[in-house]
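Student: I have a two-chain model open beside its sequence, and I would like to learn how to read it feature by feature. Could you take me through it?

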Amino acid sequence: MIQLKLCMVGAFAVGKSSLVQRYVQSIFSEKYHTTVGVKIDKKDVALGAAKVRLMIWDLAGEDCFSALRPTFMRGAAGYLLVADGTRAHTLDAALDLSRQIEAAQGPLPFALVLNKEDLLDEWQIVTPHIDALERRGVRLFRCSAKSGAGVQAMFEHFALGSLKGRAS
Amino acid sequence: MSLADTRAKSDSASKTSSEWQRLRSLLLGAEQASLHALANKVGNRDNLARSVASVLAEATAIRTRQDDGITRAFAPIINDGLQRSVRDNPQPVVDALYPIMGPAIRRSIAEALADMMQAFNRAVEQSLSPRALKWRLDAWRTGQPYAQVVLLNTLVYRVEQVFLIHRETGLLLGHAQAEHVVVQDPDMVSSMLTAIRDFVGDSFHVSQEDGVEAIRLGELSVQVRVGPKAVLAAVVRGNVPQSLRALLSETLERIHHSHAVALSRFDGEMAPFADIPRDLKPCLLAQARARARVPWRAYVGLALLVAGSAWWLIERHESAAQWRAILTQIENEPGFMVVEAGSDGAHVVRGLRDPLARDPRSVIGAARTRAFDIVWDLKPYLSMEPQLVLARARSQLKPPNGVTLHLEGSTLRAFGIAPEAWLREARRRAPLVAGITTFDDGAVEVRDREALNHARQALNQAILYFEPASDALSDSQLAKLDAVVPSLIVLRDAATTAQMAYSVDIVGRADAPGSSEFNMHLSQSRAETARRYLVAHGAPAKMLRARGIGAIDAAGPQANEADDAQRRVNFEVIAAPAETADPAP
């Protein structure tokens, strides 16, 4: 079996916890976010021939009151940078977080997750912007925590990528 | 075929046939060149070293990934190298270790100091806290040494879970749990624990090494030991003993040693850590709280003590009551005067006892005599108690049968029939008896002399007559003998009361005719015949003596009696004072 530590980071209220909630069964309550600043969940998945245990560290969303704790990123196989498609500034915040993490922990594999695909009509993050990011080599997932669409695929594809990156 | 051979043959061929050479060049020119270059590379020492050096690092990396063969091969070399280096010139090694040694030593000292402080705190707490007082009370109550009570109370703990956590990722490398312990998902707990340690470290700006070492919640604590690559966390319920802290540190060190490669190359693969739970199991120590043992020995002892004391008290009370009863008995007994009685150790009765009083042992009875083993210290005295005065009078006056004595005040009264001699003596002696002033014998009938006289008279008058030369008694004579028997009995009885010894001679006689020898014999025979008859008819044999005196002297005063009258037996009463007094009580 292989264990992977994945982190979820993103601005406040972009739906990180909802995405995790969609994917795992949790034992810890949400209050850990406001106390310790992180909530940890677990998911055992079979990725191809490999049995993988994902330890998902859901970091508290950054806002004006709490800053990201880069320490929590230590040892992570990669992180998911979550943004809310309906709020453009969350993407900027996410990219800013990514820079902070790189500065603190060095380069780490990550993927950008654009949540709230169910509200595509209200999206402020426009396609050209997204295309530009993809061209820069940023891995990108779109999903909806509300409908659950793309959530499992997002986690597992990212995990598989981390697994391959680890082997190389 | 070796490359050298190939080269040699090609040289030889060039000599023999340049055509062959050319043909070869045309056909195998390229291969020949590369073979030549290869031979140059392998055969030449410098070239070979250069080509191996170019791949040495990569080859080492690949091999190290496969197994630890290189590590094993290098270990002794590195050891020897280090030793030689230190021997030759230790300074570079010192310089290299300096940055590590400093913090290591400081940390070690800090841990030792922390342990010492903890021990000191515990000592203070144990000697001053209410709990310590309770333990002292327990120690006093159960009779155990105080130190043992403290141990029983402090070393009660149980290691419920042990986590081995990868330090960097917070991923769980191994987990062991005690039986019947309900646990949350160890993987998530492991990560969360790491997060909390990170959180505390971040919040209070402490380094990972100095981070959280223990989390305590009531009686539950999480003991954390941090190693370079992994963290050991033990969930302990109860008081954490010092030995456990040491064991956790040792276990973590051992795992670091045994899994050094796997830990340093950890990328999430769990296979190398499959045996970690086995390594963690020894940490699942527990010391069961000694059950509050019922001090039944103490209870039994106490019960016995109480029972013994009760028995002793009852016995003592009983004994005291009996002792009082004995004293009361003695004091109530006439002729005793208890002056002092003690029961300390020995039972002693001091006092006075009239010699005529009963034996004190018979007063209190045989059972109590046996039970108490009393020392009697009694001096004689004369009791004026009526019973004793009366007893004294009886003892001194010796009243004969038929006389009873009574005391009224200080007057001794006698009743019954008494011989005069006794009466006379009693009158004289009675007032001399202590406690008696007057002797009243008005109710005593003096009868002894009369009866005696009558009996003597009857005996003296009784004469038996015989036929000539015969000692047989006729019926009429036998009737006389029958009448004599009561007189003899009276005489015997009177002898007792009169304190005189009476004997009766039965005197036989013969008449003048016949030889004196014959007559003597006949007279004796006549006396004995009478005696035999009397004894056979109830006369007391002792007082009877048969005596024949033959014929009456012709010149004597009875010589003129008729022969008939001379053939006779008569009785002579002989009185003498009694030799042995036999007083009746």
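Tutor: We will go from a whole chain to the place where the chains meet, and then to helices, a sheet and a single loop residue. Please keep in mind throughout that this is a predicted model.

Student: Let us begin with chain A, then: how many helices and strands does chain A have, and what pattern does chain A follow along the sequence?

Tutor: A chain can be summarised by its elements and by their order. Chain A has 5 helices and 6 strands, and reading along the sequence gives the pattern β-α-α-β-β-β-α-β-α-β-α. Of its 168 residues, 45% count as buried. Among contacts in chain A between residues at least 6 apart in sequence, 73% join residues at least 24 apart.

Student: How many residues does each chain give to the contact between chain A and chain B, and which elements of chain A give two or more residues to the side that touches chain B?

Tutor: One can read such a contact by counting residues, then assigning them to elements and classes. Here, chain A gives 23 residues and chain B gives 20 residues. On the side of chain A that touches chain B, the elements giving two or more residues are strands E1 (2-10), E2 (38-47) and E3 (50-59) of chain A. By class, that side of chain A has 12 nonpolar, 4 polar and 7 charged residues.

Student: Turning to chain B, at what angle do helices H2 and H3 of chain B pack, and which residues meet there?

Tutor: For a helix pair, look at the angle and the distance between the axes, and then at the residues in contact. Helix H2 (residues 18-43) and helix H3 of chain B pack at about 90°, with their axes 5 Å apart; the two helices are therefore roughly perpendicular to each other. In this contact, B:Asn40, B:Lys41 and B:Val42 of H2(B) meet B:Asn47, B:Leu48 and B:Ser51 of H3(B). By class, the contact has 2 nonpolar, 3 polar and 1 charged residues.

Student: Why is H3(B) said to lie largely in the open, and where does H3(B) bend?

Tutor: Burial is counted residue by residue along the helix. Of the 22 residues of H3(B), the number buried is 0, so this helix lies largely in the open. As for its course, H3(B), which spans residues 45-66, bends by about 45° at B:Leu56.

Student: What is the strand order in the open sheet of 3 strands in chain B, and which strands stand at the edges?

Tutor: To read a sheet, follow which strand partners which. The order is E10-E11-E12 (chain B), with mixed pairing. E10 and E12 (438-446) of chain B stand at the edges with a single partner strand each, so one side of each is left without a neighbour in the sheet. Neighbouring strands are turned by 15° against each other on average, direction ignored. E11(B) and E12(B) run parallel and are joined by 7 bridges, and B:Gly416 stands opposite B:Val444 in E12(B).

Student: Which helices lie across these strands?

Tutor: Helix H15 (residues 386-397) of chain B lies across E10 and E11 of chain B, at about 145° to E10(B), while helix H16 (residues 420-429) of chain B lies across E11 and E12 of chain B, at about 170° to E12(B).

Student: Finally, where does B:Ser410 lie, and what is it in contact with?

Tutor: B:Ser410 lies in the loop between E10 (403-408) and E11 (411-418) of chain B. Having 14 other C-beta atoms within 10 Å, B:Ser410 is partly exposed. Leaving aside neighbours within four places in sequence, B:Ser410 is in contact with B:Gly435, B:Ile436, B:Thr437 and B:Thr438. B:Ser410 and B:Ile436 are 26 residues apart in sequence, and 4.7 Å apart in space from C-alpha to C-alpha.

How values were computed: Residues are numbered from 1 along each chain as its sequence is written. Chains are lettered from A and ligands numbered from 1 in the order in which they are written. This is a predicted model: local features need pLDDT of at least 70, side-chain atom pairs count only at pLDDT 80 or more; totals for chains, interfaces and linings use all residues. Helices (H or I, at least four residues) and strands (E, at least two) are DSSP runs, numbered from the N terminus. A residue is buried if 20 or more other C-beta atoms lie within 10 Å of its own, exposed if 12 or fewer, and partly exposed in between; C-beta atoms are placed from the backbone. Two residues are in contact if their C-beta atoms, placed from the backbone, lie within 7 Å. The bend at a residue is the angle between axes fitted to the seven residues ending there and the seven starting there. Two strands pair if DSSP finds at least two bridges between them. Axes are lines fitted to C-alpha atoms, for helices over the stretch in contact, and angles run from 0 to 180 degrees between N-to-C directions. Angles under 35 degrees count as roughly parallel, over 145 as roughly antiparallel, 65 to 115 as roughly perpendicular and the rest as oblique. Ala, Val, Leu, Ile, Met, Phe, Trp, Tyr, Cys and Pro count as nonpolar, Asp, Glu, Lys and Arg as charged, and the others, Gly among them, as polar.
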